[in-house]
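User: I would like to learn how to read helix packing, sheets and chain contacts in a model. Can you take me through it step by step?

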Amino acid sequence: MKSVRLALFADSAPQLLERALLRELAGRGMAAEVRSWAFASPLAVQGELAAFAPDLVLLWACAEAERFPDVRPVLALPYRFLVCNMVARDDGTCGNLAVVEPSTMRARIAAWNAALIDLARAEPRLGVVDLDWIQARLGRAQTFDPRLWEAASVALAPAGTQALAARIADRLCAEQGRLRKVLVTDLDNTLWSGIVSEIGPEAIQPGAPGRRAYRAWLKALAARGVFLAVASRNDREVALAAFRHPEMDMAAEDFAAFEADWGPKSAMLRRIAAQLHVAEDSLVFLDDRPENRAEVRAALPGVCVPELPEDPALWPEALAALNLFEAVQITAEDRGRSEGSRAERRRMEVAAALSPEEYLASLEQVLTPEPLGPANLARAAQLTQRCNQFNMRGTRHTEASLAGRTGWVYRLRDRFGDLGAVSAVVLEGDFIETWVLSCRALNRGVERLVLDHLRSLGPVRGQYVPTERNGRCREVYRENGIPEIPPEEVSR
Amino acid sequence: MMERLAGLFSETLGRPMPPLAEKTAFADLPGWDSVAHLALLLAVERAFGVAFASAEMVSMRTVGEMAAVLRGKGVAP
């Protein structure tokens, strides 16, 4: 494996961190080379740095050094950077006012950290290591030993150094694609209190101490793009029934995979990985029973199986401390992943239970027209390129060919969620030159809603030009009483 | 005390120690450097349940000096 080259810049003695990093990375099977520069700026040693050719430059300005270096000029160098934020610190010279008064150490640290966050948001090459949270979690006494600082300029005590090294290694692993993507949870005495097959779905306790906070943590993970899955030793129907408990604040549909039977948990995890198209080492498995954890650990060594405290009230803090779900970036696609799949599952359930007419009426669809313009040109072009089944004349457009044209982009939402821009129309006078509709919006009566909108603005004429795949929109104009131009009359 | 120190030193520095004498300087121990020195001091603090003052941390240069500081903190010779 290629070795990772890390350049470490610190305004305190860096040796303890350097050693801890090498140990931590070796423990994760990552070869690494670390080179430290103490009390120097990367700008001052550009030649040496270029010769070292780091994969990543780590900047650690400590609160104790009181230097508050400007990170911006360093970004002129062509590297990726990881910058530690500063730990909270107060010298007690003006009490609570220290938070407010801009000249205090406490306020200057807060301002430096805020500027760092702004920089990281604007510059994709810069990441932040949350050293401040390490101190908040371990306590000041565990992270700062004034004697070490005075005797040897060591700004971080051993426990804090170890935690920082782990946090940096988490980030390096994530950057190399070693990401955990799925959280697999047990149900009985994990998601709720009680064993549903023994006491019945009504008698479980979803509100027992710790359970609600655990579920809130799961929901937060899903919101940022982690898949949730269930692995439970239960009859499937009984497990599903438990989700109808009035105090239950999660639905079975919140889980992208739902495995419930009486086989071993490791077999369930294998099926979950296959179903979600992920490798086994991207799974995290949480279960209250040590024997289940041991079984999975033995059968699937790649799966992360954290030990859990006996008391479920302690779980969320213990899980947060493990930093199981390091992420390099979170995209809009991540945020929409669970939402989109959940909404689609709910639609399918409702559709199965109702007649097509009842289903459509129940969706509470709202179609919003937007004039074709710079803000939606890219999406409109993409729709014409992707839509085959509902592309009235088989037309394709690019952003350039759409620029300056008259038309509409239609956004659809229903009571289950936002489907985004689903249809685009290009007009030439009263003639519908292009009309495409996304597959996601087919069979929902959206065609008529679009035509009603166009008609409300004035009379329109349409044309159907057959292509290999657009047979399904052959009758749409006729069914909706739109005057049609015969296929041969307008050249494509 | 000397035997305990020798055990701690070899544990912290990760290698066997030669016989320690009062005049043995830390700088002459195998595997010693300034960072190892700090790790060594912290290990001795934990093992004997004492805390060194920062001045003591920088002043102790030989095993004998450390033993004297420890005796001063009530550690049996």
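User: At what angle do helix α4 of chain A and helix α7 of chain A pack, and how far apart are their axes?

Analyst: Note the source: this is a predicted model. For a helix pair, read the angle and the axis distance together. Here α4(A), residues 131–138, and α7(A), residues 158–175, pack at about 135°. Their axes are 10 Å apart. Angles over 145 degrees would count as roughly antiparallel, and 65 to 115 as roughly perpendicular. The angle of about 135° therefore makes α4(A) oblique to α7(A).

User: Which residues make the contact of α4(A) with α7(A)?

Analyst: α4(A) brings L131(A), I134(A), Q135(A) and L138(A). α7(A) brings A159(A), G160(A), A163(A), L164(A) and R167(A). By class, this contact has 6 nonpolar, 2 polar and 1 charged residue. Handedness is a separate reading: α4(A) and α7(A) cross in a right-handed way.

User: What is the crossing angle of α11 and α12 in chain A?

Analyst: Apply the same reading. Helix α11(A) spans residues 265–275, and helix α12(A) spans 290–299. The two cross at roughly 55°, and their axes come within 8 Å. That angle makes α11(A) oblique to α12(A). Their crossing is right-handed.

User: Which residues of α11(A) and α12(A) make the contact, and how do they divide by class?

Analyst: K265(A), S266(A) and L269(A) come from α11(A). N292(A), E295(A), V296(A) and A299(A) come from α12(A). The classes are 3 nonpolar, 2 polar and 2 charged.

User: Now sheets. What is the strand order in the sheet that holds β6 of chain A, and is its pairing parallel or antiparallel?

Analyst: Read the order first, then the pairing sense, then the edges. This open sheet has 4 strands in the order β8-β7-β6-β9 (chain A), and the pairing is parallel. β8(A), residues 257–261, and β9(A), residues 283–286, stand at the edges. Each has a single partner strand, so one side of each is left without a neighbour in the sheet. Neighbouring strands are turned by 15° against each other on average, direction ignored.

User: How many bridges link β6(A) to β9(A)?

Analyst: Bridges show the register of a strand pair. β6(A), residues 182–185, pairs with β9(A) over 4 bridges in the parallel sense. One place to look is V184(A), whose bridge partner in β9(A) is F285(A).

User: What is the order of the open sheet that includes β10 of chain A?

Analyst: The order is β10-β11-β12-β13 (chain A), with 4 strands in antiparallel pairing. The edge strands are β10(A), 366–371, and β13(A), 431–437, and each pairs on one side only. From one strand to the next, the twist averages 20°. β12(A), residues 417–428, and β13(A) run antiparallel and are joined by 6 bridges. In this pair, V426(A) has T434(A) of β13(A) as its bridge partner.

User: Which strands does helix α16 of chain A touch?

Analyst: For a helix on a sheet, read the strands touched and the direction against one of them. α16(A), residues 377–386, touches β11(A), β12(A) and β13(A). Its direction makes about 85° with that of β12(A). Helix α18(A), residues 446–457, lies across β10, β11, β12 and β13 of chain A. α18(A) runs at about 50° to β12(A).

User: Where do the domains of chain A lie?

Analyst: Bounds come from the domain assignment. It gives domain 1 (4–175), domain 2 (182–332) and domain 3 (364–479). The centres of domain 1 and domain 3 of chain A, taken over C-alpha atoms, are separated by 52 Å.

User: How many residues does each chain give to the contact between chain B and chain A?

Analyst: Count each side, then name the elements. Chain B gives 8 residues and chain A gives 10. On the side of chain B, α2(B) and α3(B), 54–59, each give two or more residues. The largest share, 4 residues, comes from α2(B). This side of chain B has 6 nonpolar, 2 polar and no charged residues.

User: At what angle does α2(B) pack with α1(B)?

Analyst: α1(B), residues 2–13, and α2(B), residues 34–48, pack at about 135°, with their axes 10 Å apart. That makes α1(B) oblique to α2(B). The crossing is right-handed.

How values were computed. Residues are numbered from 1 along each chain as its sequence is written. Chains are lettered from A and ligands numbered from 1 in the order in which they are written. This is a predicted model: local features need pLDDT of at least 70, side-chain atom pairs count only at pLDDT 80 or more; totals for chains, interfaces and linings use all residues. Axes are lines fitted to C-alpha atoms, for helices over the stretch in contact, and angles run from 0 to 180 degrees between N-to-C directions. Angles under 35 degrees count as roughly parallel, over 145 as roughly antiparallel, 65 to 115 as roughly perpendicular and the rest as oblique. A crossing is left-handed if the near helix is turned anticlockwise from the far one by less than a right angle, and right-handed if clockwise. Two residues are in contact if their C-beta atoms, placed from the backbone, lie within 7 Å. Ala, Val, Leu, Ile, Met, Phe, Trp, Tyr, Cys and Pro count as nonpolar, Asp, Glu, Lys and Arg as charged, and the others, Gly among them, as polar. Two strands pair if DSSP finds at least two bridges between them. Domain bounds come from an automatic or database domain assignment.
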